[in-house]
Amino acid sequence: MLGAMMKQNLLISDLIEHAGKYHADTAIISRETAGDLNTTNWADVAASARKLSSALENLGLEQGDRVATLAWNNHRHLKIWFAVSGGGMVCHTLNPRLFPEQFIFICNDAADKAIFFDKTFMPLITGAREHLRTIKHFIYMGGHDAEVAAALPGVVFFDDLILGGSDDYTWPDLDEDTPCSLCYTSGTTGNPKGALYTNRSTMLHTFAISLPDCLNLSSQETILPVVPMFHANAWGIPYAAAMTGAKLVMPGPGLDGDSLVGLIDEQQVTLALGVPTIWMMLLASAEKSGSKLETLRRNVIGGSAAAPSMIAAFREKYGCETIHAWGMTETSPVGTANQIKGKHLHLEDDAMVNLRLGQGRPPFGIDLRIVDETGKPLPHDGKTEGALQCRGHWVVDTYFGNESSSLTKDGWFDTGDVSTIDADGYMVIRDRTKDIIKSGGEWISSVDLEGIAVSHPGVAMAAAIGAKHPKWDERPIIIAVKADGAEPTEDEIIAMFADKVAKWQIPDAVVFTDAIPLNGTGKMLKNKLREKFGDTLVKRMT
Ligand code: AMP
């Protein structure tokens, strides 16, 4: 033998042991479901996770079993994550915003054996209980509660359960390819599909997102993951916070703008992460309350495209730098993040702003390409648009319960997005393949049109869809929700596009509506909008 380095499995249990040992007194703050604030630290999360893992073993749960959570971002949820994955079980985060039928489908499909739930979701649990075929243990995330005990005979209480666990429990030494968590796609069409992450894929993702050129995390940060732990594992933040020893501020059910502004100011949050709809509410609340969001140096926006006007508002009004990021449930989820390179440090303001609008470039561990309809790779010239494909250490291969791989013959995952990539790897999402507007054979990016429409101060939210057209097949129209108290007109909004897009890309109509339907992770349900408004132009012609 020439020599050897230690070989240790990459395990989630090591993450929480590291945080508990080297960042013991770093605070974890949580908004409880009842509204009060709980303060604990990494030492307690580590000790509780060990104890809970042994308690789950006492309940009869075994390695490989799926243990579901229906919960907000809070300290109990954090302890469950590490207890379940550290013990070799699979933590299955469920999205409470799904329709009950989808929720039932997912629980049964995953064959969950136990479910932890917050009080908020009692009605969902009691309503669905008789359809949940595989769940043996219902575990309420709190102390003993007579009302809950009466409504759910046999229910177990988290705080009692953990007391029965052992302080001497040691984590099993697992193979690093052991599955650790399971997350289903939000299923805008068809039934959701499960992405099953492993200890190894999660650990490599955690290293990568913590790097300066990705989300740039450290023990100096106070991080507010607004993105729920049930939305692609809160983009990996709970793991990365344990790795880097960051302070965490968990918002619980308080996801409205006022609650978030309050938490940011009180807890001196330096970095917050969430989808565009959250930021829209937060900006409105900060404006109303006069908060300067003084400590918030950076925010991460992902899940849907961040409108240029939103990024500008954070930069100009609050001195907050937006890191625009792209990813999918299938990519654990981070695929790209927008950080500049050394050669961009001295860019003129306009060029810098423009560079920061896109979704950024992949960290090491993710490779990207764009291809045409025949699967032929297209140039990375920043102009050519193609179907975005990726591969890497934390990208799905085979969905949960499926026999066959979901990859292309040459091993790439087709994202369903259309994008450009430039020579430096900066990727810009142009659209979802199914949402791009095809006018007379030419493609129009709905993302671009939406970004322009929402820059009108009277527009709170906007979707661009292709409406049927007898000559052009499809023409773009805007479906807009008016901002509170504003009365924008169709002509005013159409006029916004005049010098920003080619003439043939200017929408043919603006339709106002009360609300745009969103899916469980805050994305606009454009298929519903096409069903409702797809005939707008045809009707206007008759
Ligand atoms: P999900 O798996 O529910 O997180 O959805 C993944 C999809 O969200 C991607 O395939 C994109 O279409 C979309 N998405 C995520 N991040 C962004 C972003 N920053 N800009 C535009 N679309 C995004």
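Which residue in E2 is the bridge partner of Ile28? In this predicted model, the answer is Thr40. The pairing belongs to a stretch where strand E1 (residues 27-31) and E2 run antiparallel, joined by 5 bridges. The two strands make a hairpin with 5 residues between them, and Gly35 in that hairpin takes a positive phi near 110°. Strand E2 (residues 37-41) has two quite distinct faces: Asn38 and Thr40 sit on the covered one, while Leu37, Thr39 and Asn41 make up the uncovered one. So Thr40, the partner of Ile28, counts among the covered residues, because buried means under 20% relative accessible area.

Ahead of the hairpin in sequence comes helix H1 (residues 12-22), which holds Ile16. Ile16 has a relative accessible area of 0%, so Ile16 is buried. What surrounds Ile16, leaving aside its neighbours within four places in sequence? The contacts are Trp42, Val45, Ala46, Phe82 and Trp171. Gly88 is another matter: 72 residues apart along the chain, Ile16 and Gly88 have C-alpha atoms separated by 14 Å.

Next up is the open sheet. Its 7 strands are arranged in the order E7-E6-E5-E3-E4-E8-E9, with mixed pairing. At the edges are strand E7 (156-157) and strand E9 (194-198), each pairing on one side only. Within the sheet, E3 and E4 run parallel and are joined by 4 bridges. One residue pair to look for here is Ala68 and its bridge partner in E4, His92.

Helix H4 (residues 100-110) packs against several of these strands. Its buried residues are Gln102, Phe103, Ile104, Ile106, Cys107, Asn108 and Ala110. Which elements do they pack against? Four of the partners are strands, namely strand E3 (66-70), strand E4 (90-93), strand E5 (114-117) and strand E8 (179-184), and helix H5 (122-128) joins them. Right after H4, Ala111 takes a positive phi of about 55°.Helix H8 (residues 199-210) includes Ser210. With a relative accessible area of 10%, Ser210 is buried. A polar atom of the Ser210 side chain lies 2.8 Å from the backbone oxygen of Thr206. Not counting residues up to four places away in sequence, Ser210 touches Asn216, Leu217, Ala240, Met243 and Thr244. Among these, Ala240, Met243 and Thr244 are buried residues of H9.

How many residues of helix H9 (residues 237-244) are buried? The count is 8 of its 8 residues. Apart from the ones just named, the buried set includes Ile237, Pro238, Tyr239, Ala241 and Ala242. Just after H9 comes Gly245, with a positive phi of about 75°.

Thr277 sits in helix H11 (residues 276-289). Is Thr277 buried or exposed? Its relative accessibility is 19%, so Thr277 counts as buried, given that the cut-off is under 20%. Setting aside residues up to four places away in sequence, Thr277 touches Met461, Leu518 and Gly522.

That leaves the ligand. Around it are 18 residues, of which Ala325, Thr329, Gln359, Asp417 and Arg432 come nearest. Three side chains can be picked out for their polar contacts. A polar side-chain atom of Thr329 lies 2.8 Å from an oxygen atom of the ligand, and an N or O atom in the side chain of Gln359 is 2.9 Å from a ligand nitrogen atom. For Lys523, a polar side-chain atom lies 3.1 Å from an oxygen atom of the ligand. Taken alone, the ligand exposes 500 Å², and the protein buries 92% of that.

Which strands each supply at least two residues of the shell around the ligand? Strand E14 (321-327) and strand E19 (427-432) do. The largest share comes from E14, with 4 residues. Sorted by class, the shell has 10 polar, 5 nonpolar and 3 charged residues.

Key. Residues are numbered from 1 along each chain as its sequence is written. This is a predicted model: local features need pLDDT of at least 70, side-chain atom pairs count only at pLDDT 80 or more; totals for chains, interfaces and linings use all residues. Side-chain values use heavy atoms; hydrogens and water are left out. A residue is near a molecule or strand if one of its heavy atoms lies within 4 Å of it. A polar contact is a pair of N or O atoms within 3.5 Å; within protein, one must be able to donate a hydrogen and the other to accept it, and residues adjacent in sequence count only if both atoms are side-chain atoms. Accessible areas come from the Shrake-Rupley method with a 1.4 Å probe; for residues, only the protein chains shown count as cover. Ala, Val, Leu, Ile, Met, Phe, Trp, Tyr, Cys and Pro count as nonpolar, Asp, Glu, Lys and Arg as charged, and the others, Gly among them, as polar. Buried means under 20% relative accessible area, exposed over 50%, partly exposed in between (1.4 Å probe, protein chains only). Contact means heavy atoms within 4.5 Å. Two strands pair if DSSP finds at least two bridges between them.
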